[in-house]
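Okay, thanks for making time, everyone. I'll take one structure and walk through a few spots in it.

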Amino acid sequence: MEKPDEERPLLHLQPSPQVAGSEHTRDGTVDINNQPALKNRTGKWRACFLILGVEFSKCMAFFTISKNLVTYLTTVLHESKVAAARNVSAWVGACFFTPVFGAFIADTYWGRYWTIVVFLPVYFVAMVVIIASASLPVSTITSDHGNNVHRVVVYLGLYLAAIGSGGVKPCTSAFGADQFDTNDPAELVKKGSFFNWYYFLISTSSLLSGTVIVWLQDNVGWAVSYVIPAVLILICFLVFLAGSKVYRFRKMGVSPLTSILQVFVAAVRKWHMKLPDDSSLLYEPISSPSAADTSHKIKHTNEFRFLDKAAIVSASSDNEFRVLMSSWRLCTMTQVEEVKMLLRIFPIWASFPIFYTVSAQMASTLVEQGMLMDNRVGSFAIPPASMSIIGVFSILIWVPIYETVLVPLARHFTGKDKGFSQTQRLGIGQALSMLTMVYAALLEMKRLAIAEAKGLTNQNVPVPMSIMWQAPLYLVHGAAEVFGGIGVTEFFYDQSPETMKSLCAALGQLALASGSYINSLLLGVVAVATTHDGAPGWIPDNLNEGHLDYFFWVLAALSLLNLALFVHYSVRHRGKTS
């Protein structure tokens, strides 16, 4: 049993066995048997392929549900357009909010591997429930009682899927990145490409869902479309388990949330103490220069100096020092710097909920806009939900272009290994996101003008305007995702403390969740504020008599303000020091 903090003696680290021979990794990772990981038999892309299979199956399930969910809610459950858009955003928000809890469990108790093993079957059960809800006989859902039962089963399956996603989503990206030795320059380069191809695979699943699956939903049946990702999850789960011997595992540390709280508590307890002029007097355990953990030490910085008080050593004797060794009274300098790192990335994180609020339109208001446009291209009718595949194609095209063309070109001018700095990449993504809403607003203005000219204002029918006018919007948004969406995933992994990788990966998911909830809130406010005195409002069931363009202009203005704040804080951002 572990000793209480007050009884824990000061330990000096011994040289890590990983450093002793080149056959082992040098970053402290171990294999499934808790032995030093062998470089040639574990990790790298052979392990990543199995992990990416899990992410691919989960994303297939997520996109199968989300791509056409607004259509399902309006046509099968007969919800209003505003209610359906809000419920879609709320569910998507839940899918990206629960990863915060999944990351906490992974970093504190189970580790990334076992968290995936536990939560992926939950996702499978959710898909079974959704399949059952879509298979209910028509006679059981035509009555009021039957419709209520149907609604309950649908939302039970949806939120079970959100729970399953919460355990898998923050672990796959971090666990995949763990397969590359951070102290091996050759493997470190490969890890730099991991996040781009990780997102590439997600986009591929989105492409398949937006084409094959949506077509099945519209032409064959909802239940059949849900069976495919359910079977895929089961297969990928079994393959993931079969490859357990090739994974690399990082050793569990102190709970990241506990460590953060310890720094604040210790700093508050010593608020009256004076900081030493020499930062080397602040507490940091002595370790062997050859120890692997040396790579996880963080250099002292002068920001947020108040927190440094948590590392002040005030004992005058060994006995007093052992009493003060409680982590709630004395924290290491690395602990303090880890908290500073989180505080530094917070302004960058805070700029992304608006970015993801724009992304939320792709599965809600833009689908509703497409439903009232001419979706015929020659003899083929494009389902409005399938327009998102243009954005997917954009991502699939932009990822290789970014890797093979833009990065080398930018590297020539900037001299940086990655071409663009991380904040430059994120800023470009923010700007492109704003442009998508400007285009969406202009497009809706044109659509409403045609509806008025054709006398269709009072009719809830498509206007004679091709749905392909939405294509440029999805193309630009795809580029925004490559710069912003992929960039922020890499940013949070690289700039996060070593002991908080899953937690910080979840921060990206939390930003996405926040964007969905902001979208749901904005839709609710717009519905209340614009429907007084019998007015139809900006987003009525008949969009031909509404003003969806006003809503898009609001999002464009918020995006512009958000971009300005991002530029302000990114200029001041200080990167990770180790």
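A bit of vocabulary before anything else: we call a crossing left-handed if the near helix is turned anticlockwise from the far one by less than a right angle, and right-handed if it's clockwise. And keep in mind that what you see is a predicted model.

So, helix 13 passes helix 17 in just that left-handed way. Helix 13 covers residues 352-360 and helix 17 covers 471-495; their axes sit 12 Å apart, at an angle of about 145 degrees. Who's touching whom? On the helix 13 side we've got Phe352, Phe355, Tyr356, Val358 and Ser359, and they meet His477, Ala480, Glu481, Gly484, Gly485 and Val488 of helix 17. Sorted by class, that contact has six nonpolar residues, four polar and one charged.

Hang on to Phe355, since it comes back with Asn562. Asn562 belongs to helix 19, residues 548-572. Not counting neighbours within four places in sequence, Asn562 contacts Ala350, Ser351, Ile354, Phe355 and Gln430. With Gln430 there's a side-chain to side-chain polar contact of 2.9 Å. Is Asn562 buried or exposed? At 7% relative accessible area, it falls under the 20% cut-off, so Asn562 counts as buried.

Last stop, backbone angles. Asn34 isn't a glycine, yet its phi is positive, about 65 degrees. You'll find Asn34 in the loop between helix 1 and helix 2, and it's exposed, with a relative accessible area of 53%. Phe304, also not a glycine, has a positive phi near 50 degrees. Phe304 is in the loop between helix 10 and helix 11, and it's partly exposed, at 37%.

Key
Residues numbered from 1 in each chain as written. Predicted model: local features only at pLDDT ≥ 70, side-chain atom pairs only at ≥ 80, totals over all residues. Heavy atoms only, no water. Helix = DSSP H or I, 4+ residues; strand = E, 2+ residues; numbered from the N terminus. Buried < 20%, exposed > 50% of the residue type's maximum accessible area, 1.4 Å probe, protein only. Polar contact = N/O pair within 3.5 Å; in protein donor to acceptor, adjacent residues only side chain to side chain. Contact = heavy atoms within 4.5 Å. Axes fitted to C-alpha atoms, helices over the stretch in contact; angles between N-to-C directions. Nonpolar A, V, L, I, M, F, W, Y, C, P; charged D, E, K, R; others polar.
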